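This briefing goes through selected local features of one protein model, grouped by topic. Please read it alongside the sequence and the structure.

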Amino acid sequence: MDYLRRLSDEELSFRLECSGAVLIEGPKWCGKTTTGEQQAKSLIRMQDPDRRDGYLQTAATKPSLLLAGDKPRLIDEWQEAPVLWDAVRVSVDRENQTGLYILTGSNSVDISKIRHSGTGRIARMRMSTMTLAETGESNASVSLSALFQNPAQDIAARSDLEVEQLIFAACRGGWPGMLARKTDKTRLQVARDYVDSVCETDVSTVDGVRRNPLLAAQILKSYARNISTLAKTSNILKDVVSASESVSEDTLASYLRAFERLFLVQDIEAWSPAIRSATAIRSGRKRGFCDPSVVAAALGLTPDYYMTDLQSFGFVFESLCMRDLRAYTAGEGGSLSYYHDRYGLEADCVLHLRDGRYALIEFKLGSHEIEEASAHLRKIKSLVQEYNKDTSRPALREPDLLIVITGTEYAYRRDDGVFVIPIGCLGK
């Protein structure tokens, strides 16, 4: 089937202009190799069963031979021969050019076999699963980048996504492999297969530590129950212990580190500006996955379940929005945090750009909570303004945008300056 352009295509092209080599990182099955192939002029697949032994022998003898080929040269599953990392670094130093190599594969590599970090030679870029804009389910009629450039503009757009379609899209996820599937049932299966693969194999191979697949699945299930919340690790541990044999804190931490290395678990850190006492601002991590479909897959739930439990789906909806915001701002160095204090004031997401601009964002599936969400965002902005009245201390930048992202139909700018944007309208 034809390749659907990814947001990462533009970023990869830019990175190749800046660096001698680019390492594409991200969750398994998110499309790293396929994206790399679009710009590579030659390719070597280290896990090709017909050639793998020969490749490994060559890598052990003279790895530079595997780098020969038209540039950029894509080295897929490079970690099969970790010496290739240093070979790429040396080649970049020697040729003193940009755009020579693209590296893809998992991060299950023995770092003791790598002699140099690659700093200054090998750039890293993060890929996510496909956003709603990439799958064509968002019409991308509201540009996030354009809003940051002109925060005073008015917007008028309409989403074509019904709630039922949004629920299916979240449960199916943004895995490129689902594009070739012909039925809704087979598309939903991709996320389930992903979770099974992580628990059965990847959680152990990522660092060479043998782990129990059943326990891995149970931990993911507990994480899924607590998605988009500030659940403490101790609470997750209690949940896991109640459903299985005794598990220690160290064991749980080991599994969670493995999930993070696989880019499966992607928690959100707290934003802690000085607008409140430090003891008033909650600082735990908000639980998150790389893709919203992991929640339904880990819990064994279907779209039909969420059709009758929209309250639970609200947490999955937040996970979907977080995924898309990461991807839409990756080229601008975007990062995510959240704000929540003990007075009940919150912003589900604080979207930071590399240059210091930021947006305060709330996620609301329906329209009845938009007013309250807008009030929260305005209150946080007013706290920043109040803080800045004391000129004896460094001023805090005021938020550039206040946004409520919804599952509703229409996008518009409220009289108070808050943007209401359906996720089905949002794009880069």
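**Backbone exceptions**

Ala140 is partly exposed, with a relative accessible area of 35%. The model is a predicted one. The points below cover unusual backbone geometry, a helix pair, a helix with buried residues, and a few single residues.

- Ala140 sits in the loop that runs between helix H5 (132-135) and strand S6 (142-143).
- Ala140 is not a glycine, yet its phi is positive, at about 55°.
- Phe263 also has a positive phi without being a glycine, with a value near 60°.
- The loop between H11 and strand S8 (269-270) holds Phe263.
- Phe263 has a relative accessible area of 11%, which is under the 20% limit, so this residue counts as buried.
- The peptide bond that leads from Lys71 to Pro72 is cis, and its omega is near 0°.
- Pro72 belongs to the loop between helix H3 (52-61) and strand S3 (73-76).
- As background to these entries, most residues other than glycine have a negative phi, and most peptide bonds are trans.

**Helices H9 and H10**

- Two packed helices are described by the angle between their axes and the distance between the axes.
- For helix H9 (residues 213-225) and helix H10 (residues 233-243), the axes come within 9 Å and cross at roughly 130°.
- An angle of that value makes H9 oblique to H10, because it falls between the ranges for roughly perpendicular (65 to 115) and roughly antiparallel (over 145).
- The crossing in which H9 passes H10 is right-handed.
- On the H9 side, the contact is made by Leu215, Gln218, Ile219, Ser222, Tyr223 and Arg225.
- On the H10 side, Ile236, Asp239, Val240 and Ala243 take part.
- Sorted by class, the residues in the contact of H9 with H10 are six nonpolar, two polar and two charged.

**Helix H11**

- Phe259 is part of helix H11 (residues 249-261).
- Is Phe259 buried or exposed? Phe259 is buried, because its relative accessible area is 0% and the limit for buried is under 20%.
- Not counting residues up to four places away in sequence, Phe259 touches Val198, Val203, Ala216, Ile219, Leu220, Leu264 and Val265.
- Phe259 and Ile219 are 40 residues apart along the chain, and their C-alpha atoms are separated by 10 Å.
- Ile219, one of the residues touched by Phe259, is also one of the H9 residues in the contact with H10.
- Ala253 lies in helix H11 as well.
- Ala253 has a relative accessibility of 27% and therefore counts as partly exposed.
- From C-alpha to C-alpha, Ala253 and Lys185 are 34 Å apart in space, with their positions 68 residues apart in sequence.

**Thr408 and its surroundings**

- Thr408 is located in the loop between strand S12 (401-406) and strand S13 (410-413).
- With 18% relative accessibility, Thr408 counts as buried, because the limit for buried is under 20%.
- The side chains of Thr408 and Thr406 make a polar contact at 2.5 Å.
- Apart from neighbours within four places in sequence, Thr408 is in contact with Ser159, Leu365, Gly366, Ser367 and Pro422.

**Helix H1**

- The buried residues in helix H1 (residues 7-18) are Ser8, Asp9, Glu11, Leu12 and Leu16.
- The elements covering these H1 residues include strand S1 (21-25), helix H2 (32-37), strand S4 (101-104), strand S5 (122-126) and H5.
- H5, one of the elements that cover H1, also borders the loop of Ala140.

Conventions
Residues numbered from 1 in each chain as written. Predicted model: local features only at pLDDT ≥ 70, side-chain atom pairs only at ≥ 80, totals over all residues. Heavy atoms only, no water. Helix = DSSP H or I, 4+ residues; strand = E, 2+ residues; numbered from the N terminus. Buried < 20%, exposed > 50% of the residue type's maximum accessible area, 1.4 Å probe, protein only. Contact = heavy atoms within 4.5 Å. Polar contact = N/O pair within 3.5 Å; in protein donor to acceptor, adjacent residues only side chain to side chain. Axes fitted to C-alpha atoms, helices over the stretch in contact; angles between N-to-C directions. Parallel < 35°, antiparallel > 145°, perpendicular 65-115°, else oblique. Left-handed = near helix turned anticlockwise from the far one by under 90°. Nonpolar A, V, L, I, M, F, W, Y, C, P; charged D, E, K, R; others polar.
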